[in-house]
Amino acid sequence: MSALGRLRVSFCRTAWFHRPKQPTWTSIARLALNTSRYNNNSARGGVVLTSERYPSLQRGDYTAVTDKHIAFFEGLLPGRVISDVRDLDGYNTDWLKTCRGASQLLLRPKTTEEVSQILRYCNENQLAVVPQGGNTGLVGGSVPVFDEIIISTQLMNKVFSVDEISGTLVCQSGCILGNLETLINEHDLTMPLDLGAKGSCHIGGNLATNAGGIRLLRFGSLHGNVLGLEAVLPNGDVLDSLTTLRKDNTGYDVKQMFIGSEGTLGIITAVSILCAQKPSSVNVAFVGCEDFPTVLKVLQRSKENLAEILSAFEFIDRQCMALTERNLNLTNPITDNKFYALIETSGSNPNHDEEKLNHFLETLMEDGIVRDGTLATETSKVQAIWGLRERLAEALMHDGYCYKYDVSLPLSHFYELVEVMRERLGDKAVSVVGYGHVGDCNLHFNATTREFDEEVMGLIEPFIYDWVAEHKGSISAEHGLGFKKKDFIYHSKSKAAVQLMKDMKRLLDPNGILNPYKTLPTD
Ligand code: FAD
Ligand code: 2HG
Ligand code: ZN
């Protein structure tokens, strides 16, 4: 009997990406907290203002927006200036509902020239701004801290060209990732990145955060897939680096500076990206493992046996999987396992791919590595299994308050962090879970409590950052530093590297108007 026959047939219903219920609060270490406001949901919009939550925060020496400024912007962007506070709440509040600014002004440019004029004016008038894409960032980088003007790329959603032979896509930065995927699928191409927030995040936001996601294992990071970009510098100058060339060794590769700069060096207005051939066969195997070393064994075997068709390898622990059932009412097709591995293959020959995957699963079972699993070959079932994985961030938030960490760790210490934290938190937490992009050594560690608990927070931070640094990891694998993690940068970067970052910031943004209070440390 084939492995396909012996493995249970997938039966999950298709799951979709939803915005989660509001959590209550998150913390920023090294900033004094106004503890009386922890769970104050009576504040406007249900989320406490960041400036009230952290009373020690100092607003920079920026000009406050006046009617004169608003009149200027209304002349420049007729009908695309929003200054009614009721319409601004969603833009002022982050996806996790943990950070909230008090911006009085949202600008929605359509062209690079408009972005250039906005920034030139803001720079001359010492007006602080925050660039915003889909506002799905998880580190508080996309919303104002005080009253920074929000510059949204929402209306910058033009696709300029798709070249089927070279696989290059050139578009404006406000295109939604999921829409780009749909569009280029028609040209038999696929995006080199995919993430749970694809229905909302913008490609410019993806570049600005150097987003990783579930395809990084196959296609590598955006530092390799972005061929060119256009960015507007804080003084309004346009940096045209929008090449479509695969190779170009003419001096410093300046576009790299903007990838992962989290809106602190320039506003990305257009992107040229290398897309891959769309696979004609995609399969997903979802297998149960009895311990974490077995997950690693399966990973190693996947690399050996699936080789060029392996396109994703994710893991979920039992405690995390339980949340999808408890909080989202989803069905896990293979219950009662301590760990789960999601293995995706993508290729161009369905028979070849199935044969390879079948052989791989057979040997896993014959060698007693895996006893339970399910295989999905139909698109709807593949999507349903991915739904279990992609909705974990949402599932966690239903517990109440979520303490979220996104770290890189060597595989030899990878899951140890979850065990150490579980021991440390004991029964003070509702859930203590680990999941993520294990194929890229990227762990998503999350703990939850019903509501924010200062004692739990104190048990997690700074311990977790120290632990990660001691074990030669990174305190932010893919989400960035934003507002929440900027002061822990020295756990992962040398003093010399941070100094160079500060020098670059000063060179490009001497007035510090672009996304202040983000990425670079306070000191
Ligand atoms: P925003 O949230 O709007 O902004 C993020 C940062 O980029 C901010 O600092 C902002 O100022 C800056 N920025 C935005 N647009 C521009 C621009 N045009 N020019 C300059 N700066 C800009 N992230 C991953 O890496 N991998 C994942 O697998 C992943 N999965 C997620 C799943 C869910 C359910 C959610 C909610 C988030 C997930 N994220 C993930 C985090 C987030 O989606 C990514 O960081 C994404 O790239 C942010 O894009 P955005 O358009 O929403 O950017
Ligand atoms: C994912 O991989 C995202 O699902 C979110 O990066 C991770 O919420 C998290 O911890
Ligand atoms: Zn992730």
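Q: How many aromatic pairs does a search of the whole structure find?
A: The model is predicted. Rings count as a pair if their centres lie within 6.5 Å. A search of the whole structure on that basis gives 20 aromatic pairs.

Q: Which geometry do Y54 and F483 form: stacked, tilted or edge-to-face?
A: The ring centres of Y54 and F483 are 6.1 Å apart, with 65° between the planes. Planes over 60 degrees apart fall into one class, so the pair formed by Y54 and F483 is edge-to-face.

Q: How many residues apart in the chain are Y54 and F483?
A: Y54 is in the loop between α2 (50–53) and α3 (67–76). F483 is in the loop between α18 (463–470) and α19 (495–508). The pair thus links distant parts of the chain, 429 residues apart.

Q: Which residue has a side-chain N or O atom 3.1 Å from a nitrogen atom of ligand 1?
A: Two contacts of ligand 1 involve the backbone instead: G133 lies 2.7 Å from an oxygen atom of the ligand, and a polar backbone atom of G263 is 3.5 Å from a nitrogen atom. The side-chain contact at 3.1 Å belongs to E478.

Q: What share of the area that ligand 1 exposes when taken alone does the protein bury?
A: Ligand 1 sits in the largest cavity. Taken alone, ligand 1 exposes 970 Å². Of that area, the protein buries 97%.

Q: Which element gives the most residues to the shell around ligand 1?
A: Elements that each supply at least two residues of the shell include β4 (129–132) and β11 (267–274). The top contribution is five residues, and the element giving them is α7.

Notes:
Residues numbered from 1 in each chain as written. Chains lettered and ligands numbered in written order. Predicted model: local features only at pLDDT ≥ 70, side-chain atom pairs only at ≥ 80, totals over all residues. Heavy atoms only, no water. Polar contact = N/O pair within 3.5 Å; in protein donor to acceptor, adjacent residues only side chain to side chain. Areas by Shrake-Rupley, 256 points an atom, 1.4 Å probe, with all protein chains shown as cover. 1 Å grid on protein atoms, 1.4 Å probe; cavity = no way out; pocket = protein on both sides within 12 Å on 5 of 7 lines; lining within 4 Å. Sits in = over half its atoms within 2 Å of the grid points. Helix = DSSP H or I, 4+ residues; strand = E, 2+ residues; numbered from the N terminus. Phe/Tyr/Trp six-rings, centres within 6.5 Å; stacked < 30°, edge-to-face > 60°.
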